[in-house]
Amino acid sequence: MVGRAVPHGAGARIVGRVTSVGSAASKYKVGDLAGVGCLVDSCRKCPPCSDGFEQHCEGGMALTYNGTEMDRQTPTYGGYSTQIVVDEGYVVRIPAGLDPPRPRPLLCAGITTYSPLRQANVKPGDRVGVVGLGGLGHMAVKLAASMGAKVTVFSTSRRRRPTRAGSAPSTSW
Ligand SMILES: [Zn+2]
């Protein structure tokens, strides 16, 4: 975050309604609820991009805020902008029935913790340990519990246990 465009607004958990679509776009229509996470573009050619791992783009992805577009000159201003233009390949569908602000954490802490749980093939009855119950940890507990795992939280803070354990089912400390 040092030495970048000023001013800029952070914000990489964007949920909003599609207000227009380009002529080549086909996945979304005006009015759809959509989300944008921490990246808005990548080279689209390297092996990670070809395998759906654009976050590991060998050419360097374009961050949603405090970065540049792939021309490495045009600043990206993030989710506090009044609007954003993103290729539909870097947009995720948000189910229409959801209250728009509620899924925003899934676009950052959610995917950050969902990915390793899914890659580890967590299934009912597995045991998952989560170190720390901050924003990521809390999301990891909820996701692992929703996958049927028995979750143990490792924390140095006794203060968090009574206040946060109630929203983290199947959890031991
Ligand atoms: Zn790439």
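**View 1. Asn121, an exposed residue with positive phi.** Asn121 counts as exposed in this predicted model, with 8 C-beta neighbours inside 10 Å. The cut-off for exposed is 12 or fewer such neighbours, so Asn121 falls in that class. Its place in the chain is the loop between H2 and S8. The phi angle of Asn121 is positive, about 55°, yet the residue is not a glycine.

**View 2. Asn66, a buried residue with positive phi.** Asn66 is another non-glycine residue with a positive phi, here about 60°. Asn66 belongs to strand S5, residues 65–68. Is Asn66 buried or exposed? Asn66 is buried: 20 other C-beta atoms lie within 10 Å. Burial requires 20 or more, so Asn66 meets the cut-off.

**View 3. Helix H2 packed on helix H3.** Two packed helices are described by the angle between their axes and the distance between the axes. For H2 (residues 109–119) and H3 (residues 135–146), the angle is about 50° and the axes are 9 Å apart. H2 is therefore oblique to H3. The crossing of the two helices is right-handed.

**View 4. Residues at the contact of H2 with H3.** H2 contributes Ala109, Gly110, Thr112, Thr113, Tyr114 and Leu117. From H3 come Gly135, Leu136, Met139, Ala140, Leu143 and Ala144. By class, the residues of this contact are 8 nonpolar and 4 polar, with no charged residue.

**View 5. The largest nonpolar core.** In soluble globular proteins, nonpolar side chains tend to be buried together. Here the largest nonpolar core holds 13 residues. Which of them touch the most other members? They are Val128, Val130, Ala140, Val141, Ala144 and Val151. At least two residues of this core come from each of strand S8 (127–131), H3 and strand S9 (150–154). H3 gives the largest share, 5 residues.

**View 6. Surroundings of Ala144, and a separate core.** Ala144 is one of the core residues that touch the most other members, and it is also part of the H3 side of the contact with H2. Leaving aside residues up to four places away in sequence, Ala144 touches Leu117, Val122, Val128, Ala149 and Val151. Leu117 is on the H2 side of the helix contact. Apart from the largest core lies another core, of 9 residues. Its members include Ile14, Val36, Val40 and Met61.

Notes
Residues are numbered from 1 along each chain as its sequence is written. This is a predicted model: local features need pLDDT of at least 70, side-chain atom pairs count only at pLDDT 80 or more; totals for chains, interfaces and linings use all residues. Axes are lines fitted to C-alpha atoms, for helices over the stretch in contact, and angles run from 0 to 180 degrees between N-to-C directions. Helices (H or I, at least four residues) and strands (E, at least two) are DSSP runs, numbered from the N terminus. Angles under 35 degrees count as roughly parallel, over 145 as roughly antiparallel, 65 to 115 as roughly perpendicular and the rest as oblique. A crossing is left-handed if the near helix is turned anticlockwise from the far one by less than a right angle, and right-handed if clockwise. Two residues are in contact if their C-beta atoms, placed from the backbone, lie within 7 Å. Ala, Val, Leu, Ile, Met, Phe, Trp, Tyr, Cys and Pro count as nonpolar, Asp, Glu, Lys and Arg as charged, and the others, Gly among them, as polar. A nonpolar core is a set of buried Ala, Val, Leu, Ile, Met, Phe, Trp, Tyr and Cys residues joined through C-beta atoms within 7 Å.
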